[in-house]
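Here is a small set of exercises to work through with the model open beside you. Try each task before you read its solution.

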Amino acid sequence: MSADTLLPPLADPWDGVAELVGPPSDLEQRPSLSFRFSAAGDTNLLPVLEADDDPLPPRVHRRETARFRSHHTALRQLECGAWRLSRGWGKATFLNGNGDAGQLWLDLESHRPRPGQRYDVALRGEETQLSWWGLSRGFSLPSERLGGSEVTGRLGVRLLEAPRYRAATLSGWLQDDQFQGKLALLSSRGGGFATTGRGYAVDLNLRAEVSPRGTVALRSEGLFGRIKWDQVRLLEADVNSANVFQDPEGFLHSLPVATGTERRFARTDSLKTNWQFAASWEAG
């Protein structure tokens with residue numbers, strides 16, 4: 001299982017922004033309050049225009065991989081001078097699979113599973129729900145030391161809480177009503193317990209005016225950080241839906257069977273760093 005926790009991004013190149021800001025003032029120390037919500041999704045399984053169709057029209061998935069990713073973030077910020085206090089919530093999800101996993105999903109969603117078709121499925125996914133408090137400070141670097149380029153930035157730290165975390169891998173084959181394969185599920189909930197992960201993340205933003213018309217910017221979210229759970233639950237099982245048994249009265253039954261192990265242990269993960277780079281040039 002992966003040892004990196006996925007962070008919901010604080011900003012996205014395609015996000016929609018709604019801000020509530022106090023009236024403009026010449027006083028830089030006057031506090032201002034803003035709210036930001038962003039959401040984005042990405043998949044290579046079907047066009048966006050078909051996403052709400054139920055059932056989906058029959059489609060053939062011609063790629064060797066299948067993916068689905070989504071995230072949303074809500075952020076409240078209080079700024080006073082160079083300081084910024086933030087409170088945020090977010091969720092990030094991804095699923096990566098092979099071509100057969102994508103075709104199976106499309107067939108199920110179109111309500112047309114193919115009789116006799118064998119799907120050799122390999123799938124991996126992760127879901128993280130987070131909330132945090134953050135404190136950051138803006139800064140500027142002397143342009144004389146940087147060849148005349150003006151560089152500004154913001155450095156901040158967030159205290160994270162993860163009330164929900166799940167990661168899973170699934171591999172095997174499915175044909176008609178029969179499935180045989182392996183499942184591994186790591187979760188912060190289940191089996192009568194629930195735990196919340198806690199940790200921190202360090203974020204850094206830089207912006208440089210490389211010329212009177214040119215600007216470059218770099219954003220790094222989760223540049224450093226860790227998150228720890230006192231206890232997580234790991235299930236590893238072999239699953240077979242073709243198990244047939246005979247009851248005492250002589251009737252035959254088919255009952256899915258999962259055999260494996262369950263472990264609970266403390267877990268500490270590093271963070272997957274979100275990188276964004278941007279450049280602009282003004283002309284005319």
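**Exercise 1. Find the residue that pairs with glutamate 127 in a salt bridge, and work out what the pair links.**

Step 1. In this predicted model, the salt-bridge partner of glutamate 127 is arginine 166, and their closest N and O atoms are 3.3 Å apart.

Step 2. Now place the two residues. Glutamate 127 belongs to strand E5 and arginine 166 to strand E6, so the salt bridge ties together parts that are 39 residues apart in sequence.

Step 3. Check the accessibility of each partner. Glutamate 127 has a relative accessible area of 12%, so it is buried. Arginine 166, at 34%, counts as partly exposed.

Step 4. Look for shared partners. Lys91, Glu127 and Arg166 are joined into one network by salt bridges that share partners.

**Exercise 2. Classify the partners in the salt bridges of aspartate 107 and arginine 59 as buried or partly exposed.**

Step 1. Recall the cut-off: buried means under 20% relative accessible area, and partly exposed runs from there up to 50%.

Step 2. Aspartate 107 pairs with arginine 114, with 3.3 Å between the closest N and O atoms. Aspartate 107 has 4% relative accessibility, so it is buried. Arginine 114 reaches 33% and is therefore partly exposed.

Step 3. Arginine 59 pairs with glutamate 50, again with the closest N and O atoms 3.3 Å apart. Arginine 59 is partly exposed because its relative accessibility is 29%. Glutamate 50 has a relative accessible area of 17%, so it falls in the buried class.

Step 4. To put these pairs in context, a search of the whole structure gives 16 salt bridges.

**Exercise 3. Which residues of helix H1 are buried, and what covers them?**

Step 1. Helix H1 spans residues 99-109, and its buried residues are Gly99, Ala101, Gly102, Gln103, Leu104, Leu106 and Asp107.

Step 2. The cover over these residues includes strand E3 (65-80), along with E4, E5 and E6.

Step 3. Move on to the end of the helix. Just after H1, histidine 111 has a positive phi of about 60 degrees.

**Exercise 4. Locate the largest nonpolar core and name the strands that build it.**

Step 1. This core holds 16 residues, and those with the most contacts inside it are Leu130, Trp132, Leu160, Ile227, Trp229 and Leu271.

Step 2. At least two core residues come from each of strand E5 (118-141), strand E6 (150-175) and strand E11 (214-240).

Step 3. Another core, of 6 residues, lies apart from it and includes Ala101, Leu104, Tyr119 and Val121.

Step 4. Zoom in on one member of the largest core. Leaving aside residues up to four places away in sequence, leucine 160 touches a set that includes Leu130, Trp132 and Leu271, as well as Leu7 and Tyr200.

**Exercise 5. Describe the surroundings of glycine 225, arginine 267 and serine 188.**

Step 1. Glycine 225 sits in strand E11. Its relative accessible area is 6%, so it is buried. Beyond residues up to four places away in sequence, glycine 225 touches Tyr200, Ala201, Asp269, Ser270 and Leu271. The C-alpha atoms of glycine 225 and aspartate 269 are 8.7 Å apart, with their places 44 residues apart in sequence.

Step 2. Arginine 267 is part of strand E14 (residues 257-271). At 12% relative accessible area, it too is buried. Its side chain makes a polar contact of 3.0 Å with the side chain of aspartate 269. Arginine 267 and tryptophan 229 are 38 residues apart in sequence, while their C-alpha atoms are 5.3 Å apart.

Step 3. Serine 188 lies in the loop between strand E7 (178-187) and strand E8 (189-190). Its relative accessible area is 0%, so serine 188 is buried. Among the residues it touches are Pro163, Tyr165, Phe193 and Trp229.

**Exercise 6. Which residues make the nonpolar surface patch, and which elements give two or more of them?**

Step 1. The patch covers about 1000 Å² and is made by Leu33, Leu78, Trp83, Leu85, Trp133, Leu135, Val157, Leu159, Tyr200 and Phe224.

Step 2. Strand E4 (83-98), E5 and E6 give two or more residues each.

Step 3. Take leucine 85 as a check: this residue is in strand E4. Its relative accessibility is 39%, so leucine 85 counts as partly exposed.

Conventions: Residues numbered from 1 in each chain as written. Predicted model: local features only at pLDDT ≥ 70, side-chain atom pairs only at ≥ 80, totals over all residues. Heavy atoms only, no water. Core = buried A, V, L, I, M, F, W, Y, C linked by side-chain atoms within 4.5 Å. Buried < 20%, exposed > 50% of the residue type's maximum accessible area, 1.4 Å probe, protein only. Helix = DSSP H or I, 4+ residues; strand = E, 2+ residues; numbered from the N terminus. Contact = heavy atoms within 4.5 Å. Polar contact = N/O pair within 3.5 Å; in protein donor to acceptor, adjacent residues only side chain to side chain. Patch = residues over 30% accessible without salt bridge, like charges linked within 9 Å, V, L, I, M, F, W, Y side chains within 5 Å. Areas by Shrake-Rupley, 256 points an atom, 1.4 Å probe, with all protein chains shown as cover. Salt bridge = Lys/Arg side-chain N within 4 Å of Asp/Glu carboxyl O.
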